[in-house]
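Work through the exercises below with the sequence and the 3D structure in view. Try each task before reading its solution.

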Amino acid sequence: MRKYGGQICVGLLGAAVAFAVFGPGDAFVAVDVADGVDPFRKALSQLGVLYIVAVLVERSLEVLLKAWRQGGKIRLEGEAQSAGEDGRAAAEAKLRQYRVGTQRRALLFGLTLGIMVSLFGVRLLGSIFEFGAGTPPLQRDLFQFTDVIVTAGLIAGGSATIHKAMALIEDLLNPNRTRAKDS
């Protein structure tokens, strides 16, 4: 299984893309928020949804990776503890390398799951921006592709990244609210 991790991710991603291309069309497009709502509020609302999705993805990845990689980690930790002074540095380096491999896999799987979730309709930019009737199809397709990649990156980055983005938007809203009240 360890040897085929990258191929599994590419296969899952390929299946998700094939479903998005040959699937039921617009059935999974994100629902637009009502007209007249501030775009920052739309973004904050959508980031809240992405936050929940990112927490779920993080937790599921944690469980899957722990089930997959925990045995090797415990074995390497045991080797590091039982190694003499001569072999301890090498055993600890091996353990660090194993942890880096686990982090790399977690990021790759997180990005794959983020792309899949985004392909199924949970997107950030599409719920904020609307296209006019005369928008060329290529421009809409490129925007949707970019939306999938940006949203997948946010989901793969985890809930902490989304929380920071939410705080930034909230900080932008607070001075605007103060100015609106003063007017």
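The exercises go from the overall fold to single residues.

The model is predicted, so local features need pLDDT of at least 70 and side-chain atom pairs count only at pLDDT 80 or more, while totals for chains, interfaces and linings use all residues. Residues are numbered from 1 along each chain as its sequence is written, and side-chain values use heavy atoms, with hydrogens and water left out.

**Exercise 1. Describe the secondary structure and the burial of the protein.**

Step 1. Helices (H or I, at least four residues) and strands (E, at least two) are DSSP runs, numbered from the N terminus. The protein has five helices and zero strands, in the order α-α-α-α-α along the sequence.

Step 2. Buried means under 20% relative accessible area, exposed over 50%, and partly exposed in between, with a 1.4 Å probe and protein chains only. Of the 183 residues, 30% count as buried.

Step 3. Contact means heavy atoms within 4.5 Å. Among contacts in the protein with a separation of 6 or more, 80% come from residues 24 or more positions apart.

**Exercise 2. Find the aromatic pair and state which helices hold its members.**

Step 1. Rings of Phe, Tyr and Trp (its six-membered ring) pair if their centres lie within 6.5 Å; planes under 30 degrees apart count as stacked, over 60 as edge-to-face and the rest as tilted. A search of the whole structure gives one aromatic pair. Trp 68 and Phe 109 form this tilted pair, with 5.6 Å centre to centre and 55 degrees between the planes.

Step 2. Trp 68 belongs to helix 2 (residues 39–82) and Phe 109 to helix 3 (residues 85–119), so the pair ties together parts that are 41 residues apart in sequence.

Step 3. Trp 68 is partly exposed at a relative accessible area of 22%, whereas Phe 109 is buried at 16%.

**Exercise 3. Compare the expected span of helix 4 with its span in the model, then list its buried residues.**

Step 1. The expected span of a helix is 1.5 Å times one less than its number of residues. Helix 4 (residues 137–157) has 21 residues and should span 30 Å; its end C-alpha atoms are 30 Å apart, so the two values agree.

Step 2. The buried residues of helix 4 are Phe 143, Asp 147, Val 148, Thr 151, Ala 152, Leu 154, Ile 155 and Ala 156. An α-helix has 3.6 residues a turn, so residues three or four places apart point the same way.

Step 3. Just after helix 4, Gly 158 has a positive phi of about 95 degrees.

**Exercise 4. Trace the surroundings of Ser 118, Arg 123 and Thr 151.**

Step 1. Ser 118 lies in helix 3, Arg 123 in the loop between helix 3 and helix 4, and Thr 151 in helix 4. Ser 118 is buried at 0% relative accessible area, Thr 151 is buried at 0%, and Arg 123 is buried at 12%.

Step 2. Not counting residues up to four places away in sequence, Ser 118 touches Arg 123 and Thr 151, among others. Arg 123 and Thr 151 are 28 residues apart in sequence and 5.7 Å apart in space, C-alpha to C-alpha.

Step 3. A polar contact is a pair of N or O atoms within 3.5 Å; within protein, one must be able to donate a hydrogen and the other to accept it, and residues adjacent in sequence count only if both atoms are side-chain atoms. A polar side-chain atom of Ser 118 lies 3.4 Å from the backbone oxygen of Val 148. The side chain of Thr 151 has a polar atom 2.8 Å from the backbone oxygen of Asp 147. The side chain of Arg 123 reaches the backbone oxygen of Leu 119 at 3.5 Å.
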